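Here are some short exercises to try with the model open in your viewer. Have a go at each task before you read the worked solution.

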Amino acid sequence: MDTSILLIYTGGTIGMKIDPQTQALAPFDFSHILEEVPELMKFGYKLDSYSFDPAIDSSDANIPFWRELARIIEENYDKYDGFVVLHGTDTMSYTASVLSFMLENLDKPVVFTGSQLPIGMLRTDGKENLISSIEIAAAKDDEERALVPEVCVYFESQLYRGNRTTKYNAENFRAFRSANYPVLADVGIHIRFNPELIRYPKWGKKFKVNYDLDPNVAIVKVVPGMNINMLSILTKVEGLRGVILETFGSGNAPTNNEFLGAVRELVDKGLIVVNVTQCHAGRVDMDAYATGIALKNIGVISGEDSTIEAALAKLYFLLGKYSENSDIIEGLKKNIRGEISK
């Protein structure tokens, strides 16, 4: 049976080309992708495409968009061997993280990619990113099972677990990093997969999509000299259910009574408070220093070594799934989709 891949163009730089008359960038028709990237014909795969109309600027990514993207994958799940999602880079890590939780019992690759330069430009990074993403999405083992049955991000010769990525650079072709988890594959002359790092499902379980997401989450970046009233105000936000504190180092924050009292007020009001480090690499350890211990004693939950994108996506997912705080807290402590190291 011929390998079949569905390209889903949501928007972003990779799908742009310069209009010869206006010299402005505009999305091109992805049904003509083989004209833009004729190298794809050498694969011999069945390549189909679906384009969001209108295209979505990734800055406008939101829950309705994620639901629509998941719906497209669900409706086409049995028709294709893998999916390549073309997406703007600014929020790609957020979308990949959310989709990793929405797509349950995934046994096919969902590879996100994009580019820093439009695919029609001479020095574009888009062609290599697209070609390699398609080859990865099509890769199978000797038993015809997907080599990477995960939600991934491919960029500049490296394949990452999607919910471990962060956009790191706005100008360099290597736009993404996965500081706390190694790459799933390195792409050079050969594609070298690292199967010991890839999450494999219990093959044969029915694929399903979790559409229920609850966005009632606030993120507060802890900074020296911050106005503590910002935390107190959150107790008055109607419908708010979760707060992510971006803390210093290994999960540290001010030790003064005013700050700790404000955090305690959040917990006492029934809000889920999660501690995630501001550092690009490393993990939260609330047993290491007195400041972290104080937060732990209040009832703040460790985000372990998750990215802020993954922590937010996980809370959206768990808040949508459960009504009881005890179930949400139990879920936060689990490694559900490879988003934390346990």
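**Exercise 1.** Count the disulfides, then decide whether Cys152 and Cys279 are buried or exposed, or in between.

*Solution.* Step one: take a disulfide as a pair of cysteine sulfur atoms within 2.5 Å; by this rule the count comes to zero. Step two: use relative accessible area with a 1.4 Å probe on protein chains only, where buried is under 20%, exposed is over 50% and partly exposed lies in between. Cys152 has 0% relative accessibility, so Cys152 counts as buried. Cys279 counts as partly exposed because its value is 39%.

A word on the ground rules: this is a predicted model, in which local features need pLDDT of at least 70 and side-chain atom pairs count only at pLDDT 80 or more, while totals for chains, interfaces and linings use all residues. Residues are numbered from 1 along each chain as its sequence is written, and side-chain values use heavy atoms, leaving out hydrogens and water.

**Exercise 2.** Compare the span of helix 8 with its expected value, and find how many of its residues are buried.

*Solution.* Helices (H or I, at least four residues) and strands (E, at least two) are DSSP runs, numbered from the N terminus. Helix 8 covers residues 308–321, 14 in number, and reaches 20 Å from its first C-alpha to its last. The expected span, 1.5 Å times one less than the number of residues, is 20 Å, and the helix comes close to it. Next, burial: 12 of the 14 residues of helix 8 are buried, so the rest of the structure largely encloses this helix. Among them are Glu309, Lys314 and Tyr316.

**Exercise 3.** Which members of the largest nonpolar core touch the most others?

*Solution.* A nonpolar core is a set of buried Ala, Val, Leu, Ile, Met, Phe, Trp, Tyr and Cys residues joined through side-chain atoms within 4.5 Å. In the largest, with 52 residues, the answer is Leu99, Leu103 and Phe112. Helix 8 supplies the largest share, nine residues. A second, separate core of 27 residues includes Met16 and Val187. Now look at contacts (heavy atoms within 4.5 Å): beyond its neighbours within four places in sequence, Leu99 meets Trp66, Leu69, Ala70, Ile73, Phe112 and Val151.

**Exercise 4.** In what order do the eight strands of the open sheet lie?

*Solution.* Strands pair if DSSP finds at least two bridges between them. The order is 4-1-5-7-8-9-12-13, with mixed pairing. Strand 4 (46–51) and strand 13 (191–193) are the edges, each pairing on one side only. Strand 1 (residues 4–9) and strand 5 (residues 82–86) pair in the parallel sense over five bridges.
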